[in-house]
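Work through these exercises with the sequence and the model side by side. Try each task before you read its solution.

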Amino acid sequence: MTDPTQSVGHHFDAWAPSYDAQIREMVPRYEEIHDTLLALLALRPPERFLDLGSGTGYTLRKVLDAFPSARAVGLDVSTEMLDRARQRLEGLESRVELRVSNIARPELDTTYDAIVSILAVHHLYADEKRHLFSRIWEHIEPGGVFLLADYFRPARDRLSELYQLPDQPDPHEVEHDHPDTAAEHVAWLMAAGFAAVDVVWKYDDVGVLVAWREERPA
């Protein structure tokens, strides 16, 4: 039986050379997503930052440029994506660490002020998402934030017509994509222990969720 993690890794290894250009065709408001993330992070600038599914390092670069005191870790299942990220982050080696890791079971050994995942969690099944959200809660400092930008399954099939989604998804989506609704994600994040969860940006089937861990009692 094929290891699904290995299969996803191979897919993104092959996609790495064209990913930056193609993701902007697939997600036309890709920059708006990052503008939203940076605005949320600016509410409490992070010192320690984790990017789950860091890809070619675009998000890491944006965060490190915006917050000069931040140090970051990027995890991704694809070695080719991480090689691209190292090129993009050249000169920032003292502030960032890149590691190969399956985000369904990420190797987390410390806590962070902020954790972000962009367009990666939809590759996980529902049970894996619930487990991941609990792990994330455990590794966020009190008062810290988790930001999730991803594809979400429409709450009703008729919304697919409004969003003009394709009738037939491509083979990769059928095999590897497991989107759930935004409402389900909000419920799972609340169940994981987050004190406040909200949808702060959405366009068609792509959205940004924010989840705060409660502050430590004074």
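Buried means under 20% relative accessible area, exposed means over 50%, and partly exposed is in between (1.4 Å probe, protein chains only). This is a predicted model: local features need pLDDT of at least 70, side-chain atom pairs count only at pLDDT 80 or more, and totals for chains, interfaces and linings use all residues. Residues are numbered from 1 along each chain as its sequence is written, and side-chain values use heavy atoms, with hydrogens and water left out.

**Exercise 1. The whole chain**

Task: State how many helices and strands the chain has, and what share of its residues is buried.

Solution.
Step 1. Use the DSSP runs, numbered from the N terminus: helices are H or I with at least four residues, strands are E with at least two. The chain has 8 helices and 7 strands.
Step 2. Apply the burial cut-off. Of the 218 residues in the chain, 50% are buried.
Step 3. Look at the surface. Accessible areas come from the Shrake-Rupley method with a 1.4 Å probe, and for residues only the protein chains shown count as cover. The accessible surface of the chain is about 11100 Å², and carbon and sulfur atoms own 50% of that.
Step 4. Turn to contacts (heavy atoms within 4.5 Å). Take those with a separation of 6 or more: 74% of them join residues 24 or more positions apart.

**Exercise 2. A bridge between two strands**

Task: Find which parts of the chain the salt bridge of Asp-113 and Arg-48 ties together.

Solution.
Step 1. Recall the rule: a side-chain nitrogen of Lys or Arg within 4 Å of a carboxyl oxygen of Asp or Glu. By this rule the chain has 13 salt bridges.
Step 2. Check the distance. The closest N and O atoms of Asp-113 and Arg-48 are 3.9 Å apart.
Step 3. Place the partners. Asp-113 is in strand S4 (residues 112–118) and Arg-48 is in strand S1 (residues 48–52), so the pair ties together parts 65 residues apart in sequence.
Step 4. Compare burial. Asp-113 is buried at 16% relative accessibility, whereas Arg-48 is partly exposed at 34%.

**Exercise 3. Two bridges of helix H5**

Task: Which residues form salt bridges with Arg-130 and with Lys-129?

Solution.
Step 1. Start with Arg-130. Its partner is Asp-127, with the closest N and O atoms 2.1 Å apart.
Step 2. Locate this pair. Both residues lie in helix H5 (residues 126–138), 3 residues apart, about one turn of the helix.
Step 3. Check exposure. Arg-130 is partly exposed at 34%, and Asp-127 is exposed at 54%.
Step 4. Go on to Lys-129. Its partner is Asp-180, at 2.6 Å between the closest N and O atoms. Lys-129 is in helix H5 and Asp-180 is in the loop between helix H7 (171–176) and helix H8 (182–192), so this pair ties together parts 51 residues apart in sequence.
Step 5. Check burial again. Both Lys-129 and Asp-180 are buried.

**Exercise 4. The buried face of H5**

Task: Why do the buried residues of H5 line one face of the helix?

Solution.
Step 1. List them. Lys-129, Leu-132, Phe-133, Arg-135 and Ile-136 are buried in H5.
Step 2. Look down the axis. The buried residues fall within an arc of 160 degrees, so they line one face of the helix. The arc is that of the directions from the helix axis to the C-beta atoms.
Step 3. Find what they pack against. The partners are S1, S4, strand S5 (140–151) and H8.

**Exercise 5. Thr-111 and its surroundings**

Task: Where does Thr-111 lie, and which residues does Thr-111 touch?

Solution.
Step 1. Locate Thr-111. Its place is the loop between S3 and S4.
Step 2. Classify it. Thr-111 is partly exposed at 24% relative accessibility.
Step 3. Set aside residues up to four places away in sequence. Thr-111 then touches Arg-48, Glu-138, His-139 and Glu-141.
Step 4. Look for a polar contact (a pair of N or O atoms within 3.5 Å; within protein, one must be able to donate a hydrogen and the other to accept it, and residues adjacent in sequence count only if both atoms are side-chain atoms). The side chains of Thr-111 and Glu-141 make one, at 2.5 Å.
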